[in-house]
Amino acid sequence: MQFADIYGLTETKKRLLRAIKNRQIAHAQLFFGNSGCANLSLALAYACFIHCEQAQAEDSCGQCPSCKKHKKFIHPDLNFVFPVTTSKKVSTKPLSQDYLEEWRDALRQNPYLSLSRWLEIIGAENKQANISVEESRNIIKTLSLKAYEGGYKILMIWLPEFMNIQSANAILKILEEPRPDTLFLLVSQNYQKLLPTILSRVQSVQIPDFTDEEIQTNLLQHHDLDIQKVKNIAYLAAGDLNRALELVGEMAQDPHDFLRDWLRACYKSDFTQFYHFTEQFNQWAKDAQKSLFGYGLNTFREALVFKSGNLALMRMSDEKVKFVQGFSGTLNIEKIEDLYTIFNEAMYHLERNANAKITFMDVSLQLARLFRTAS
C-alpha cells in the first residue's frame, strides 16, 4: 500500500511524512477515524514508507523488495493483530495468526475493511470478536524478537478497542517501554472505548472522513459508472468509502424517484399504490432494499437540516433539494424523527431476514398513519 493509492487527505499525508523525515517517529501511534475512512490504509502506507529501501520525497518507491512484500502484506517485520473469534476453521482460543491468510486476502481486496465484512470473510458474522489475553501474550513474545531485515519492527493492531481490560493491561508495559526500533500502529474506529492508560501512551492521528468528491473520484477511476449513480453512491456512503464500494454492486437504480413517489402515495394513503410499490420492492435484491431505507434516512436528515436553517450542511444535489424542501414543509421536527425511527427499524428487520413484502407494507401503513396525524 502506498500513499498514492489513497485519495485526498493531503495534509494528513504531509504530517506523517514530515515526522519520518524529521526523525520524529513516535513509538506508538493511534490512527483513529470513522468506519470506512482511510485510517487502516494510511497506517499500511505509513509502514510501507518506513520500511522502503528507496523512499521518494512523498511516497515509497513501490519497486524495492520491501515494497513488494508490503504490497502482499507479507513483510516479516510487519505484524498484524485484529479481532477474531471461533469459526469452522478455529474452534478454540483463536489468534490473529490463525487467520493471517484470510486477513491478507481481505486487505488486497479492500484496505477500507469493516468489522462486519471481516467477520463475514472468516465465517463468523453472527459472533462477537475480540482481542484476547492470549493474543496480548503473543504480542509480547513476537516483539521480544529482533527485526528480521533490520530497521523497524512494526506491530499493527486493527480495532484495539476490542481488547478487554485484561488484554489491554497485558501490553501496557511493552507499549510504554518497547524494544528499540519497535513501532506500534493502532488503528481504531472507536477510540473512546480504549483504556485511558492506552490513550496516554500513544500519539493520536485523526483521520477525516472522505468527502463526497473524493469518493466520486475513486469510483469513477475504478468502475464503469455513470456520474449520477456515482453521486448517489457518494451521498449514501456519507464519507464511508467501504460502504461506497459495497453500494456499487447494490444500487441497480437511483432510489430517489422511487422514494419520492412512494412517500407521496403514503401521504395520500393510496392503498392501491402501496401494493404496486410493495411488489416492485420485493423484486429487488436484499442489499438494494436496505439501500432504499438508507437513502430515506439520509433524506430525512436533509429535511431536518433544512428545517433548522443550516443550508450549508445539506449534501443533496440541487435537483433533489426541491423535493426535500417541499417534504420538510409537511412535517414538524418530531414527525421527521419518527420517520427516522421507522426506517431504522425496517433496516434492522431486513438485516435479520424479515419478510421483505411484510416489512415494506408495514412501513407504508405506518407512514400513512403518521402523515394523517401530521396534517
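Helices, such as the α4 met below, are DSSP runs of H or I with at least four residues, numbered from the N terminus. All the views that follow show a predicted model.

**View 1. Strand β3 is mostly covered.** Here we look at residues 153–158, which make up β3, and six of its six residues are buried. Lys153, Leu155 and Ile157 point one way from the strand. Ile154, Met156 and Trp158 point the other way, and these residues are buried as well. In a regular strand, side chains alternate between the two faces of the sheet.

**View 2. Strand β3 pairs with β2 and with β4.** Strand β2, residues 78–81, runs parallel to β3 and is joined to it by four bridges. If you would like a landmark for this pairing, find Asn79, whose bridge partner in β3 is Leu155. The pairing of β3 with β4 is also parallel, and it spans six bridges. A good landmark here is Met156, which stands opposite Leu185 of β4.

**View 3. Glu177 sits in a loop.** This close-up shows the loop between α8 (172–176) and β4 (182–188), where Glu177 is found. Glu177 counts as exposed because its relative accessible area is 53%, and the cut-off for exposed is over 50%. For orientation, Glu58 lies 119 residues from Glu177 in sequence and 30 Å from Glu177 in space, C-alpha to C-alpha.

**View 4. The largest pocket holds about 1,300 Å³ of space.** Its lining is made of 38 residues, and those nearest the centre are Ser114, Ser116, Arg117, Glu246 and Lys290. Two or more lining residues come from each of α4 (100–109), α5 (115–121), α11 (227–237), α12 (241–250), α15 (286–308) and α17 (333–351). Sorted by class, the lining of the largest pocket has 14 nonpolar, 11 polar and 13 charged residues.

**View 5. The second largest pocket has a volume of about 440 Å³.** Among its 20 lining residues, Met1, Asp5, Leu107, Arg108 and Pro111 are the closest to its centre. At least two residues of this lining are supplied by each of α3 (65–71), α4, α10 (212–222) and α12. Which element gives the largest share of the lining of the second largest pocket? That is α4, with three residues. By class, this lining has 10 nonpolar, seven polar and three charged residues.

Technical notes. Residues numbered from 1 in each chain as written. Predicted model: local features only at pLDDT ≥ 70, side-chain atom pairs only at ≥ 80, totals over all residues. Heavy atoms only, no water. Buried < 20%, exposed > 50% of the residue type's maximum accessible area, 1.4 Å probe, protein only. Pairing = 2+ DSSP bridges. 1 Å grid on protein atoms, 1.4 Å probe; cavity = no way out; pocket = protein on both sides within 12 Å on 5 of 7 lines; lining within 4 Å. Points joined across faces, edges and corners; volume = space filled by probe spheres on them. Nonpolar A, V, L, I, M, F, W, Y, C, P; charged D, E, K, R; others polar.
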